[in-house]
Each structure stands twice: as structure tokens, then as C-alpha cells.
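Biologist: I should like to learn how to read the features of a protein model. May we go through one example together?

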Amino acid sequence: MHDRTAFGPIAQSPAGRRRSLRAGSLRRSAAVALTAGGLLLARPARAQALAGLFAAGDSGEFAHLALSLGLALFSTVVALGYLSERKRWSRGQTRLAAELELARSKLDRAETFLSSEPQLLVSWDGPASEPDVENSLGDAAFARRPLAFGTWLTMKDARELEQWIERLRQSGEAFRLALANPQGRRFDAEGRAVAGRAVLRIREVSGDRLELLSLRERHARCVAEAEGLRAMLEALPTPVWMRAADGRLSFVNAAYASAVEAESPADALRRQIELLDHQARAEAAAARGRDEVFRARVTAVVAGERHGLDVVEAPFHGASAALALDRHEIDAMRSDLEQQMQAHSRTLDQLPIAVAIFDRRKRLVYRNAAYERLWPPLDRAFLDQGPSDSQILDRLRAEQRLPVEVDFRAWKSRLLEAYRSSEEHHEHIWHMPDGRTLRVVVNVNPQGGVTYLYDDVSERYFLETRFHALDRMQNETLENLREGVAVFGADGRLRFCNPAFVALWRLDKRALDEKPRFDAVSKLCAKLHPNEETWSELRGFVTGLQEMRQGFTRRIERSDGSVLDCTAQALPEGAALLTFVDVTAGVNVERALTERNEALMAAEKIRNDFVHHVSYELRSPLNNIIGFSHLLGERSTGELNAKQLEYLGYVAKSSAALLAIINDILDLATIDSDAMALELGDVDVEDAMRAAAEGVQDRLAENTIELKIVATGDVGRFRGDAKRIRQILFNLLSNAIGFSRPGQTITLAALRREGEIVLKVADRGRGIAPEALEKVFDRFESHTAGSRHRGVGLGLSIVRAFTELHGGRVLIDSALGEGTTVTCIFPTDERHDHAASTSEETRERGRAS
């Protein structure tokens with residue numbers, strides 16, 4: 001009963017009851033502890049009794065007593081702790097109550113302040129939290145959906161506000177915006193982060209704040225316009241400058257700095273560099289003092305050159321702004337225009353077409369030389385007066401220079417209607433009394449008036465007539481050609497075909513009169529030539545692009561045994577021409593000739609093989625004959641009488657001659673098989689000449705013929721095969737000796753000229769007939785009648801072959817009774833040496849393979 005009254009006031013709620021029970025328990029424990037402690041402290045005799053009891057050994061009672069004492073001591077400590085905590089809790093409760101009262105007073109003041117002005121307050125605890133909204137704007141639209149900004153703000157402002165709110169909630173970035181709704185009401189929006197929350201406040205702007213906001217906007221627009229004007233002034237290509245009230249330069253653009261050759265506008269301002277001279281600046285200052293606009297054309301130095309400038313300076317609030325227009329380019333353009341007009345006039349004077357220009361008053365202002373030649377009755381003095389168009393027509397009609405018209409007045413009126421016509425181009429054909437035909441073109445000028453162009457088309461009409469005649473002639477020619485001709489247009493349709501085409505392909509003329517496409521024609525022709533590849537190729541040519549088409553010729557063998565040559569040729573404007581020629585007879589002849597040629601080539605091969613074989617087979621026994629004849633001539637084999645020695649000499653001489661012939665045949669056969677290889681080296685020309693002369697000394701002595709060797713001092717060396725050069729000279733000297741008479745002289749000469757070595761062998765023999773001169777280099781052509789020379793006709797063939805292997809050429813000059821001169825010319829340039837080496841390497845590889 002005591003506990004309930006002590007803690008009765010707390011039992012007003014479940015939490016109070018729990019706190020009351022805990023407090024009562026603590027109080028009862030404390031009371032018990034205090035009581036037990038008091039008893040122990042107040043009764044020492046009992047303590048002593050307890051100690052005696054413990055000493056007597058009653059352990060059960062001792063344990064009970066010890067437990068009681070411990071509980072009493074614990075209860076005492078707990079009671080003391082509770083009393084201390086109770087006191088501290090009471091003080092904290094008193095402090096919290098005071099703080100709560102203070103917070104309530106602050107909240108009341110904040111609500112008072114917030115309600116003093118209509119506004120919308122929104123706060124968010126975090127990026128994903130729900131907003132807390134306080135709306136006192138007093139508008140039904142705001143109250144229903146205050147965060148649906150698009151319903152009560154302009155779309156542009158609503159989107160911008162939502163973007164800034166998103167940035168505020170995500171990163172805490174503060175902002176301030178001026179907003180408006182479609183009805184024209186203005187709002188001020190401010191967002192910032194406060195104590196970890198994102199807070200948005202929107203207030204309606206009115207009164208002084210609205211005026212201030214309007215002034216801010218106007219100020220921003222003025223600043224933007226001023227910056228735009230300043231940027232435009234900076235970008236202007238003409239100099240612009242401003243002066244302060246004291247007359248000093250306060251602004252210049254880049255063009256001004258360039259004109260005064262300053263590094264930059266800032267440099268021009270720092271140095272106060274003036275563009276105008278002192279007199280112009282004084283006149284501008286005087287006009288500025290009178291508050292007048294200064295306009296003048298002055299001369300100034302612009303970038304080191306004197307230019308004419310149109311200067312305009314306008315004052316404002318004591319300062320001024322000026323602009324200078326450079327007249328230099330305009331004057332240059334005017335000069336160029338005048339020159340171009342003069343050049344235009346000179347060009348028109350050179351034209352064969354007569355030109356006359358009349359102004360809006362219908363008076364002549366320009367005519368070229370061809371116009372004066374076209375109308376001889378119009379003298380220059382009359383034309384210089386600028387007569388009207390009507391006056392000129394009347395005068396020409398009086399001179400019978402215009403077309404004969406029944407109603408001249410109406411004709412002239414129709415012609416002069418061009419001055420008032422909306423059409424820019426009029427064209428007339430005049431058939432003149434003198435037989436000429438004029439094409440008159442009347443062009444309306446943009447600034448008024450007209451320009452007449454008189455073109456004499458008499459020749460054109462004549463050419464057109466000739467063209468039509470030639471066209472008819474061409475059609476008649478194609479109609480009568482034996483070759484089949486077919487022309488297809490760019491659309492692939494048949495435009496023309498002659499009777500030969502119809503007959504060659506055995507077509508129905510009525511089917512072709514309908515101008516079928518190529519596919520239809522090819523199907524009709526495929527009956528005689530069912531080769532799809534042929535018609536596909538022709539189809540691609542006929543229907544292909546103009547730029548990709550290239551002409552070609554194709555042979556067509558038809559199923560009836562005939563052979564046609566088809567030629568495809570591109571024509572202008574995308575057309576295609578196909579021609580078909582029957583070459584059956586020619587093909588048959590060609591086949592026969594081909595077969596005969598193959599037979600001849602086989603026979604030639606057999607002949608060449610035979611020559612090679614026989615030459616090699618004869619060479620071995622002949623070498624034995626020559627060797628044994630030399631052996632018989634030796635004293636070691638025995639003495640021979642004079643007759644035997646004579647016969648032995650004949651044998652040796654004939655054997656040597658036969659060996660030379662065989663060697664020549666082998667050389668020619670090697671050249672024919674393209675297996676001849678030159679052993680290139682430095683050839684001393686004089687050494688080669690002496691070696692060749694030594695080889696014919698016995699024949700010179702036998703025939704009492706003198707050999708004269710002539711060489712210029714600078715003949716020197718050239719690149720070639722020394723052995724073949726000696727062989728060339730030996731054969732030429734042998735021929736010259738054979739065709740010379742005893743006592744005559746043969747000349748062997750050599751000289752060097754521009755990149756060439758020239759070797760000549762000249763004799764004074766009987767010469768060569770003109771009809772035989774062309775054949776002397778042919779093989780086995782020997783014209784030795786009337787001379788002591790005997791040969792098979794291979795010497796000059798070998799000479800030409802070896803000379804051409806060196807890249808040279810052979811010339812022969814001969815006349816009956818005058819003698820013969822053979823000239824061999826060899827190149828000495830490095831390019832030929834390289835070509836000869838390459839040719840030799842190629843032949844070596846050919847022989848190796």
C-alpha cells in the first residue's frame with residue numbers, strides 16, 4: 001500500500017507503470033539493505049554472536065548469515081546509486097523542458113515570419129526522399145499541384161527549374177532563378193542546402209522587387225546588346241574608334257590597329273596612335289563641340305599606303321564614335337569596272353554578231369562594229385546622235401533593208417513591244433530582200449531597254465539543207481551496203497537496220513519495223529547462232545553506260561557454216577552501232593593460208609635442222625683434211641715433189657674456203673635461233689682494222705691490190721665483240737678484193753662522230769646493178785658475174801646480222817663502173833651497252849633453259 005501511494009502519479013500510462021515498478025523494487029531493496037546494515041551496526045553483540053557461531057563450526061547458519069549480509073550490502077549500494085541517478089535525471093528533464101519551450105517559441109516566430117509573405121517552401125531529406133511542402137501562395141492552381149511546375153509556369157522556366165532542383169538534390173548546388181507563368185506573374189526561386197536538407201523557396205515578386213527584377217533584366221539585355229555591338233565593331237573590316245570626353249581614344253577595333261600598324265588594339269590605345277591627320281581631327285573636334293555629326297572624305301596612311309577614307313563621327317554624351325570607310329577598294333573596283341566595260345566593248349567589236357543596245361527611252365546607247373557593217377546605210381554620224389529604235393527602223397525600210405511586210409506599222413509595233421514585255425527573250429527570223437536570213441534576238445535589260453543581237457544564219461540554213469541532203473545520202477548508202485548495220489538507241493531499242501542486216505540474219509522486216517528492244521532482236525538471231533555468251537556481251541555493250549563502253553570486234557560462227565565479223569562501236573548520245581560482215585570466203589582462204597604457212601614453217605625447220613646437222617657433220621672430216629694436209633707439208637713426213645706440193649696447196653686452200661663457208665652457215669643458223677651471244681668488251685678500232693687487214697694479206701698480194709687504212713686520231717675504243725668486228729671487216733675486205741681488178745686500191749676507213757663509230761670499206765670495182773642492190777644482203781644471193789670473186793652469198797648477210805646485234809646498221813652505196821662503199825655504223829652510248837648486255841643475258845638464260 002505504501003508503494004502504490006509513493007509511485008501512484010507515474011501509473012498514468014504503461015510506460016509510467018513500468019517505471020514505477022522498477023522504482024519500487026529499487027526502493028524496497030534499498031530499505032532492506034539499510035535495515036540489515038543498521039541491525040549489524042546497532043547490535044555488535046549479535047555480530048559477536050555470529051562470529052562465535054562461525055567459530056563454533058555451524059557452517060549452515062554461517063552460510064545463511066553471509067548470504068543475508070551480502071544481499072544487505074548490495075541493496076545498500078544499489079539504493080545509493082538509484083538516488084544519485086534520480087537526482088541527475090531530474091536535472092536533465094528540467095533542462096530538456098526549457099529547451100523544448102525555447103524551440104516552440106522559435107517555431108512560432110519562424111511560422112510568423114513565413115506566413116508574413118506568400119511563398120512555396122519545399123524540402124527534401126535526401127535524393128530519394130519525399131518532399132515536405134509548405135504552400136502559402138494562396139492560389140488554387142498552386143495548392144493542388146505545387147510541384148507540377150509545368151502546370152503554372154512557362155514550359156521553358158519549368159524545365160530549367162526542374163534541372164536546377166535535380167542538381168540541388170544530387171550535389172547541393174545552390175541557385176537563384178527568375179520565373180514567370182503564362183499569365184505574366186513573376187516569381188523568384190531560390191534553392192540551397194540547409195543542415196543536410198535541400199530547400200526550395202519560391203516567392204511571388206511584386207512592387208519594388210518586381211521593378212528591380214525588371215531593371216535587372218533590362219540591364220542584362222543592355223549589357224548583352226552592348227557586348228554584341230562591341231563584338232560586331234571588333235569584327236568589322238573597317239576602322240572604328242571611340243573618343244572619351246577629353247578627346248582621347250577609348251576604343252579601337254582590330255581593323256583600326258591594322259590600319260595604324262599597331263601590334264593590337266590595346267597597343268594602339270596605350271600609344272594613342274591616330275589614324276587621321278591633325279587637320280581632320282581638328283575639324284572633327286569642332287563638329288563634336290557643336291554636337292554635330294562630322295562627315296568628310298580625307299586622305300590617310302593605311303598600313304603604309306595612302307588611301308581615301310569616308311569618315312563619319314557622331315557625338316554622344318560628350319564622347320564620340322567614328323567609322324572610316326576605305327574608298328581605295330571601291331575606287332579600284334570602279335577603275336576595274338571601267339576597264340572591263342572597255343574590254344567588253346572591244347570584245348563585242350570583235351564578234352561577228354551585230355549588237356545594239358537601246359535604253360529605256362528606246363534610244364541607241366551602244367553598237368559594235370558588226371552592227372555598222374550589217375547596216376551600211378546607217379553612217380557613224382547618224383548613229384553617234386543616239387537615234388531611237390523607231391527612227392532606225394524607218395530609215396532601214398526607206399533603204400529597203402528590212403523584210404518586206406504588207407503592214408509595216410503593225411510589224412514594227414510588234415517588234416517594239418519587247419520594251420514593255422514581261423518576257424526576257426524574244427526571237428524573230430528576218431528574210432532580207434538581198435537573200436540573207438537574219439536571226440534577231442531581243443533581250444530585255446534589267447535596268448530598262450533592250451539589246452538586239454543580229455545573227456546572219458544564211459550559212460547555217462545552207463548547212464542544215466546540206467546536212468539533210470547528206471543524211472538522206474547516208475541513209476541511201478547504208479541501205480545499199482552489203483554489210484549488215486543495226487543501230488540501237490540509249491534505251492536499247494532498234495533505231496535503224498539496213499536490208500543487209502535483215503538478209504544476213506533471215507529476219508522478218510515487219511517485226512523490225514516495230515523498233516523492238518535488243519533482247520527481242522537477239523532471240524530472233526539466236527536461231528542461227530545459239531551462243532548465249534555472244535548475245536550477253538553485245539547486250540552489255542548496247543545497254544551499258546556510255547562511259548564504260550569500249551568498241552570491240554567478235555567473230556561469230558553460225559550453225560549454217562557461215563562466219564560473220566561483228567563490230568560494236570559506241571555512238572553519241574548513248575547509241576550503239578553493230579555491223580556484221582560475211583567473211584566466210586575470207587576465213588576459208590585464211591585457213592588454207594594458215595595451213596600452208598604451218599607447212600612452210602615445218603619445212604624451214606627441217607631445212608635449218610638439216611643445215612645444222614650437215615654443217616657439223618662436214619666440219620669434223622674437213623678438220624681432219626686440213627690437219628693432214630698441214631702434216632703432209634711438213635718435212636718430217638717425207639719430201640714431196642713440186643707437183644705434189646702444188647696439189648697439196650690447192651687442197652689446203654679449198655679446205656679453208658669450205659671451212660669458212662661452213663662457219664658462216666653455222667653463224668647464221670645461230671643468229672636465226674636467237675642464240676648468238678656477243679662477248680662484249682672494249683674494242684680498239686685500229687687494232688681490229690689491222691687484224692682484219694692481216695687476214696687478207698695473201699689475197700691482196702696474190703691479186704696485186706693495195707689496201708689503204710685511214711683512221712682519225714680520236715676513233716679510240718667502243719664497247720663490242722672484238723672477234724665479230726674483225727669478222728665483219730674481214731668479210732667486207734674479202735668482197736672488195738673479189739670485185740676489184742689488179743692494181744686497184746681498197747680503202748678501209750674509221751671515224752668517230754656524235755655517239756657513233758663509222759667503219760667504211762670502199763673499192764673501185766665494177767659496182768652493183770641497181771636491181772641487185774636491194775638483194776645483196778639476202779642469203780645465198782651472189783652476183784659475181786664478170787668478176788673473179790666466187791662465193792655462196794653469205795658474207796654481207798653475216799655483216800648485217802653482226803652489225804645489228806651490236807645495235808648498229810649497214811649502208812651500201814654502189815654504182816656500175818664506179819665501185820662500192822659499205823658503211824657499218826655502231827653506237828657508242830651507254831644505253832646501248834646496257835641493252836646489249838641485257839640481250840646477251842637473256843640469250844644465255846634461253847640457252848641454259
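The dialogue below moves from the whole chain to its sheets and then to its helices.

Biologist: What does the secondary structure of the protein come to?

Modeller: Please keep in mind that this is a predicted model. The protein has 28 helices and 27 strands. Of its 849 residues, 34% are buried. About 52300 Å² is exposed, and carbon and sulfur atoms supply 55% of that area.

Biologist: How many of the contacts with a separation of 6 or more come from residues 24 or more positions apart?

Modeller: Such residues account for 49% of those contacts in the protein.

Biologist: Let us turn to the sheets. In what order do the strands of the sheet with antiparallel pairing stand?

Modeller: This open sheet has five strands, in the order 7-6-10-9-8. Strand 7 (249–252) and strand 8 (294–302) stand at the edges; each has a single partner strand, so one side of each is left without a neighbour in the sheet. From one strand to the next, the twist averages 25 degrees.

Biologist: How many bridges join strand 9 to strand 10?

Modeller: Strand 9 (residues 305–316) and strand 10 (residues 319–326) run antiparallel and are joined by eight bridges. Opposite Pro315 stands Ser320 in strand 10.

Biologist: Which strands does helix 10 lie across?

Modeller: Helix 10 (residues 278–289) lies across strand 6 (240–243), strand 8, strand 9 and strand 10, and its direction makes an angle of about 155 degrees with strand 8.

Biologist: Where are the edges of the sheet that contains strand 22 and strand 26?

Modeller: That open sheet has five strands in the order 22-24-25-27-26, and its pairing is mixed. The edges are strand 22 (706–711) and strand 26 (809–815); since each has a single partner strand, one side of each is left without a neighbour in the sheet. Here the twist averages 15 degrees from one strand to the next. Eight bridges connect strand 25 (residues 756–763) with strand 27 (residues 819–827), and the two run antiparallel. Val761 has Val822 in strand 27 as its bridge partner.

Biologist: Which helix lies across strand 22, strand 24, strand 25 and strand 27?

Modeller: Helix 25 (residues 722–738) does so, running at about 20 degrees to strand 25.

Biologist: How should I read the packing of helix 25 and helix 27?

Modeller: One begins with the angle and the separation of the axes. For helix 25 and helix 27 the angle is about 150 degrees, and the axes are 9 Å apart. Helix 25 is therefore roughly antiparallel to helix 27, as angles over 145 degrees are counted in this way. Their crossing is left-handed. Among the residues of helix 25 that meet helix 27 are Arg724, Gln727, Ile728 and Asn731. An α-helix has 3.6 residues a turn, so residues three or four places apart point the same way.

Biologist: Is helix 27 mostly covered or mostly uncovered?

Modeller: Helix 27 (residues 795–805) is mostly covered, with eight of its 11 residues buried. The buried residues include Leu796, Ile798, Val799 and Phe802. Gly807, which follows helix 27, has a positive phi near 85 degrees.

Biologist: At what angle do the axes of helix 19 and helix 20 cross?

Modeller: The axes of helix 19 (residues 518–525) and helix 20 (residues 532–543) cross at roughly 155 degrees and come within 11 Å. These two helices, helix 19 and helix 20, are therefore roughly antiparallel, and their crossing is right-handed. Phe518, Asp519, Ser522 and Cys525 in helix 19 meet Trp535, Leu538, Arg539 and Val542 in helix 20.

Note on methods
Residues numbered from 1 in each chain as written. Predicted model: local features only at pLDDT ≥ 70, side-chain atom pairs only at ≥ 80, totals over all residues. Heavy atoms only, no water. Pairing = 2+ DSSP bridges. Helix = DSSP H or I, 4+ residues; strand = E, 2+ residues; numbered from the N terminus. Axes fitted to C-alpha atoms, helices over the stretch in contact; angles between N-to-C directions. Contact = heavy atoms within 4.5 Å. Buried < 20%, exposed > 50% of the residue type's maximum accessible area, 1.4 Å probe, protein only. Areas by Shrake-Rupley, 256 points an atom, 1.4 Å probe, with all protein chains shown as cover. Parallel < 35°, antiparallel > 145°, perpendicular 65-115°, else oblique. Left-handed = near helix turned anticlockwise from the far one by under 90°.
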